[in-house]
Amino acid sequence: MTDRWDPSAFKNRVDEVLRRFVAQEADLFAAVDPLLGPVAEQLEAAVTDGKRLRAAFCYWGWRAVGQPDSDALVRAAASMELVHAAAVVHDDLIDDSPLRHGRPTPHLALRAAVRDRPHADDTARWLAMLVGDLLMSLAGQLFATCGLPAAYLARARPLWSVLARELIAGECLEILRTGAGPDTTASLKVIRYKTAKYTVEQPLLIGGALAGAGERLREGYSGYGLPLGEAFQLRDDLLGLFGAPEHTGKANADDVRGHRPTALLAETWRLARDDDRERLGALLGSRDLDADGLDAVREVMCRLGAPDRIEHMIDARVAEALGALHELDVPAPAAGALTALAHSAAVRLS
């Protein structure tokens, strides 16, 4: 790869690493017993799609230290996408989401394989949980066997426990806050731990640690990565409710039907008067929510200006991230790539 940032070329490199690695592991898994074939298929399906942003941040965390392009580093960066795949499988299972990338989520896709068994729905959910667990294990395996020197890997290994702890803490916080009174500060804390850290900050720090980044650069990575990761998830919240499913690949009633602790819902509640709160209270968390009910929630949000508030929060966080980046003394290609990545993470249709 040249110093000119080519997102498509990089995505192709990561896709190829993931395709080969996961296909080999899926074959080994299915070889244990023919019954495991459908589960192995979900391992491969879990890594079929993706923007590969997390891998890109890891890659540029490495390059910003002054290190050259490296196929071994791309393999290490690809492991970040397996962490994401594991988190998505678990998240969709917890939220009972029906779609991801326009396809049935694993716990729904596996129902067909077990439909003749007693407790088929539960069995499919248990299998999906284990798919997510195995993907997280494979992330560590791909990282450990990426081909970088052992001394480089040793510098980054402690960050893996931080990544896992914070990601799971964020997921637990979302579960514990679901259905609770909407609170913007609490919602932003969920965003920070469930998404922002493992999407931007930790991949950057891991790439930097592999390359031997100094303390000032690591602090700069956090100053850039945390607000940008929050902006990424705030955009996701907007797309989740107002985006077109044909673009997002996800059902757009999930957050309202699940009464999830999103900043969008929290800001709507904060701005609402008693009559609007009464109306929202009858709709949030309703498993029978229909298209008219969803439109009613959108109408209240738009009338109160909540989506605009979230847009302002996104803009402020992107500006904060770029300000932190501009304070860093990094090679021009890295600065350019991280600037482009900031915009692609926060301004998108899916």
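**Exercise 1. Is Asp 96 buried, partly exposed or exposed, going by its relative accessibility?**

Before we start, a word on the model: this is a predicted structure, in which local features need pLDDT of at least 70 and side-chain atom pairs count only at pLDDT 80 or more, while totals for chains, interfaces and linings use all residues. Residues are numbered from 1 along each chain as its sequence is written, and side-chain values use heavy atoms, with hydrogens and water left out.

*Solution.*
- Step 1: recall the cut-offs. Buried means under 20% relative accessible area, exposed means over 50%, and partly exposed is in between (1.4 Å probe, protein chains only).
- Step 2: apply them. Asp 96 has 34% relative accessibility, so it counts as partly exposed.
- Step 3: place the residue. Asp 96 sits in the loop between helix H4 (71–95) and strand S1 (99–100). Helices (H or I, at least four residues) and strands (E, at least two) are DSSP runs, numbered from the N terminus.
- Step 4: check the backbone. Asp 96 is not a glycine, yet its phi is positive, at about 55 degrees.

**Exercise 2. Work through His 101 in the same way.**

*Solution.*
- Step 1: His 101 belongs to the loop between S1 and strand S2 (103–104).
- Step 2: its phi is positive too, about 55 degrees, although His 101 is not a glycine.
- Step 3: with 40% relative accessibility, His 101 counts as partly exposed.

**Exercise 3. Describe helix H17 and find where its buried residues lie.**

*Solution.*
- Step 1: look at the length. H17 (residues 332–346) has 15 residues and reaches 22 Å from its first C-alpha to its last, close to the expected 21 Å. That expected span is 1.5 Å times one less than the number of residues.
- Step 2: list the buried residues of H17. They are Ala 334, Ala 337, Leu 338, Leu 341, Ala 342, Ala 345 and Ala 346.
- Step 3: look down the axis. The buried residues of H17 fall within an arc of 150 degrees, so they line one face of the helix. The arc is that of the directions from the helix axis to the C-beta atoms.
- Step 4: remember the helix rule. An α-helix has 3.6 residues a turn, so residues three or four places apart point the same way.
- Step 5: find the cover. It includes helices H3 (53–63), H9 (184–211), H10 (215–242) and H16 (306–326).

**Exercise 4. Which residues of helix H2 (residues 37–45) are buried, and what covers them?**

*Solution.*
- Step 1: the buried residues of H2 are Val 39, Ala 40, Gln 42 and Leu 43.
- Step 2: they cover an arc of only 155 degrees around the axis, which puts them on the same side of H2.
- Step 3: their cover includes helix H1 (7–30), helix H5 (106–109) and H7.

**Exercise 5. Describe the surroundings of Asp 276.**

*Solution.*
- Step 1: Asp 276 lies in helix H14 (residues 274–283).
- Step 2: at 7% relative accessibility, Asp 276 counts as buried.
- Step 3: leaving aside neighbours within four places in sequence, Asp 276 is in contact with Val 300, Arg 303 and Leu 304. Contact means heavy atoms within 4.5 Å.
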